[in-house]
Amino acid sequence: MPLATTRRAGLVDQVIEQLRTAVAQGEWPIGERIPTEAELGEQLGVGRNTIREAVRALAHTGLLEVRQGDGTYVRATSEVSGAIRRLCGSELREVLQVRRTLEVEGARLAAAERTDEEVAELRALLARRETELRERRWEDFARTDTEFHCAVVRAGHNGLLTELYRGLTEVITASVAATSSITPGVDYVPEIGHEGLADAIADRDPERAAAEACGFLDELLARIEAS
């Protein structure tokens, strides 16, 4: 894919998007070194500092890997798969523990404060999640599942809790993918659904909603401990 000269506004974001697209489309396969900062800067019409900042951001997501003195290499084909590579063992356990802390209270608040429109949104997200699962669109499934949990927390109408949870979106998406064994070439159907959680929120039953949220996260933690 030929890289296009960027516009002056939002240079770093534009460079990030172009590099992300190039990797996703196979311009640079996994394990291959990408062009140097100088070469990328010339192709994109931006300075080396802009390239460096974009590469640093993509390295943080796990898409690229910067090897000092050697260059920058492609580590994964998307941020989700890159995050999964980093998220395992004790770190995954810690993420699930934090999710449980936030999501249980988020579910409790959602059951008490949700609107009819928010219940409809939860139902729509679950339907989309099911379609993506059935069609084996694994990364879309992970993102939609995360969006569902974000919508649950948002329905509690606690601004601070919502912002705290939103700040963890990337790592939550990675934990969804990791605990669902969503890996290219693996035919696996996650066993944990969220219909019971959505029903409890729709029924305005805070304790049942909290129990549903706690239950599936406890199950995931048990799986991690068992493995």
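This note goes through the nonpolar cores, the largest pocket and one buried threonine of a predicted model.

1. Start with the largest nonpolar core. It has 19 residues. Val15, Leu19, Trp28, Ile51 and Leu64 have the most contacts inside it. Three elements give two or more residues each: α1 (11–24), α2 (37–44) and α3 (48–61). Of these, α1 gives the most, with 7 residues.

2. Another core lies apart from the largest one. This other core has 18 residues, including Ala107, Leu197, Ala209 and Ala210. As background, nonpolar side chains in soluble globular proteins tend to be buried together.

3. Next, the largest pocket. Its volume is about 330 Å³. The lining counts 18 residues, and the closest to the pocket centre are Glu37, Val55, Val66, Gly71 and Thr72.

4. Which elements supply at least two residues of that lining? They are α2, α3, β1 (64–67) and β2 (71–74). Helix α3 gives the most, with 5 residues. Note that α2 and α3 appear in the largest core as well as in this lining.

5. The lining of the largest pocket is mixed by class. It has 7 charged, 6 nonpolar and 5 polar residues.

6. Last, look at Thr162. This residue sits in helix α8 (residues 159–166). Is Thr162 buried or exposed? Its relative accessible area is 11%, so Thr162 counts as buried, the cut-off being under 20%. Leaving aside residues up to four places away in sequence, Thr162 touches Val153 and Arg154.

Key: Residues numbered from 1 in each chain as written. Predicted model: local features only at pLDDT ≥ 70, side-chain atom pairs only at ≥ 80, totals over all residues. Heavy atoms only, no water. Helix = DSSP H or I, 4+ residues; strand = E, 2+ residues; numbered from the N terminus. Buried < 20%, exposed > 50% of the residue type's maximum accessible area, 1.4 Å probe, protein only. Contact = heavy atoms within 4.5 Å. Core = buried A, V, L, I, M, F, W, Y, C linked by side-chain atoms within 4.5 Å. 1 Å grid on protein atoms, 1.4 Å probe; cavity = no way out; pocket = protein on both sides within 12 Å on 5 of 7 lines; lining within 4 Å. Points joined across faces, edges and corners; volume = space filled by probe spheres on them. Nonpolar A, V, L, I, M, F, W, Y, C, P; charged D, E, K, R; others polar.
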